[in-house]
Amino acid sequence: MKHCEAAGLFPNEKVSERVFSYATAHTATLPQWLTEYHADICANEEKSNYMISTFQAQGMNWLGRLIGAKRVLEIGVYVGFSTMAWSYCVGPDGKVTGLEFSPQYADMARRAFQKFGIKNTEVVDGDALETLSDLQPSEPYDLIFIDANKSGYPSYLATILEKSRPGSSSRLLRPGGLVLADNILRRGLVADDSIDNPQAVKEKLERAEYWKGNDLEKLREFNDMMVKEERLDPFLLPLWDGVGCAKLLD
Ligand SMILES: C[S@@+](CC[C@H](N)C(=O)[O-])C[C@H]1O[C@@H](n2cnc3c(N)ncnc32)[C@H](O)[C@@H]1O
């Protein structure tokens with residue numbers, strides 16, 4: 001398993017690979033069928049880099065277990081890898097709800113749930129910018145994982161906060177619940193997209209289309225919201241592509 005997300009942390013890519021393989025082997029594992037599903041998608045799907053790595057799934061599952069998560073909401077399902085990792089985290093008596101606007105990906109995810117006999121997951125079709133506000137969970141979620149369109153992150157967070165007010169009869173996130181958000185550093189570009197950053201220079205040449213969007217500004221806005229919001233206790237984890245973590249205090 002390649003851990004290219006570690007490049008730069010250690011003296012060279014070879015050492016990074018070995019360190020992350022070692023860390024993977026010394027962290028509570030995922031079931032084999034799940035790592036095999038990840039490998040299968042990596043081998044056969046063009047957009048497989050949408051998925052979090054298996055090691056990131058191990059790390060996030062650990063966070064979920066730490067807070068005893070039984071109810072997880074995932075914004076951005078793709079083909080269901082991380083949804084199934086959350087399913088494993090919460091156990092058969094827990095529940096995972098995913099929001100996904102691509103019917104094709106939602107379908108692939110549902111087929112995977114069926115194939116692996118997973119009964120505690122569901123996918124809500126539609127644009128999460130709308131479906132998130134419409135959710136009325138019978139019990140609040142313990143953990144919400146944001147991993148859809150980066151330009152939507154500030155709006156997702158604003159909705160979560162607004163719909164999780166103390167005293168509200170139907171809240172999205174419970175007090176003490178966690179918000180996790182993937183890709184909040186975008187290969188370091190969110191913190192540094194100057195010419196000092198070779199990745200920025202390379203990307204501006206090779207992915208001109210990407211730079212016309214407002215993802216970086218929106219991710220910066222999101223990261224600022226996470227740290228300025230008094231109701232949140234934030235930690236920006238500069239691992240993988242950057243994971244924003246925050247505990248809801250009230
Ligand atoms: C990075 S992928 C999710 C990967 C998945 N969490 C995993 O690690 O296995 C992002 C997904 O969000 C979906 N998406 C993007 N914008 C969305 C939106 N506005 N509403 C719902 N889903 C969206 C995309 O179709 C894509 O499947």
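I count two residues as in contact when heavy atoms lie within 4.5 Å. The model I am working from is a predicted one.

**Entry: I144**

I started with I144, which sits in strand 4 (residues 141-146). I set aside neighbours within four places in sequence and listed what remains in contact with I144: L73, I75, I160, L172, L173, L178, V179 and L180. The relative accessible area of I144 is 0%. I call I144 buried because that value falls under 20%. I also looked up the pair I144 and T97: 47 residues separate them in sequence, and their C-alpha atoms are 9.6 Å apart in space.

**Entry: G98**

I went next to G98, a residue of strand 2 (residues 95-100). G98 is buried, and its relative accessible area is 0%. Leaving out residues up to four places away in sequence, I found that G98 touches E74, V77, E122, V123 and V124. I then took the distance from G98 to M225, which is 127 residues away along the chain; the C-alpha atoms are separated by 23 Å.

**Entry: helices 3 and 4**

I looked up how helix 3 (residues 54-66) packs with helix 4 (residues 81-90). The angle is about 35° and the axes are 9 Å apart. The crossing of helix 3 past helix 4 is right-handed. I noted the residues that meet: helix 3 contributes T54, A57, M60, N61, G64 and R65, and helix 4 contributes F81, A85, W86, Y88 and C89.

**Entry: positive phi**

Which non-glycine residue in the loop between strand 1 (71-75) and helix 4 did I note for its phi? I noted Y78, with a positive phi of about 50° although it is not a glycine. Y78 is buried at 6% relative accessibility.

I noted R186 under this heading too, with a positive phi of about 45° although it is not a glycine. R186 belongs to the loop between strand 5 and helix 8. Its relative accessible area is 13%, so I list R186 as buried.

**Entry: salt bridges**

I found 15 salt bridges in the structure. I wrote up some of them.

In the pair R165 and E162, the closest N and O atoms are 3.4 Å apart. R165 is partly exposed, with a relative accessible area of 38%. E162 is also partly exposed, at 49% relative accessibility.

In the pair E203 and R187, the closest N and O atoms are 2.6 Å apart. This salt bridge links distant parts of the chain: E203 is in helix 8, while R187 is in the loop between strand 5 (173-182) and helix 8, 16 residues apart. Are the two partners buried or partly exposed? E203 is buried, with a relative accessible area of 5%, whereas R187 is partly exposed at 33% relative accessibility.

The side chains of D250 and R231 also meet in a salt bridge, at 2.9 Å from N to O. D250 lies in the segment after strand 7 (243-248) and R231 in the loop between helix 10 (215-228) and strand 6 (232-237), so this salt bridge ties together parts that are 19 residues apart in sequence. D250 is partly exposed at 27% relative accessibility, whereas R231 is buried at 11%.

I closed this entry with a network: R186, D215 and D241 are joined into one by salt bridges that share partners. R186 is the residue I had already noted for its positive phi.

**Entry: nonpolar surface patch**

Which residues make the nonpolar surface patch of about 360 Å²? I195, V201 and L205 make it. I followed up V201, which has its place in helix 8 (residues 198-206). V201 is partly exposed, with a relative accessible area of 39%. A patch residue needs over 30% relative accessible area, so V201 passes that cut-off at 39%. E203 is in helix 8 as well, but E203 is buried, with a relative accessible area of 5%.

Note on methods:
Residues are numbered from 1 along each chain as its sequence is written. This is a predicted model: local features need pLDDT of at least 70, side-chain atom pairs count only at pLDDT 80 or more; totals for chains, interfaces and linings use all residues. Side-chain values use heavy atoms; hydrogens and water are left out. Patches are made of residues with over 30% relative accessible area and no salt bridge: like charges are joined within 9 Å, nonpolar side chains (Val, Leu, Ile, Met, Phe, Trp, Tyr) within 5 Å. Accessible areas come from the Shrake-Rupley method with a 1.4 Å probe; for residues, only the protein chains shown count as cover. A salt bridge is a side-chain nitrogen of Lys or Arg within 4 Å of a carboxyl oxygen of Asp or Glu. Helices (H or I, at least four residues) and strands (E, at least two) are DSSP runs, numbered from the N terminus. Buried means under 20% relative accessible area, exposed over 50%, partly exposed in between (1.4 Å probe, protein chains only). Axes are lines fitted to C-alpha atoms, for helices over the stretch in contact, and angles run from 0 to 180 degrees between N-to-C directions. A crossing is left-handed if the near helix is turned anticlockwise from the far one by less than a right angle, and right-handed if clockwise.
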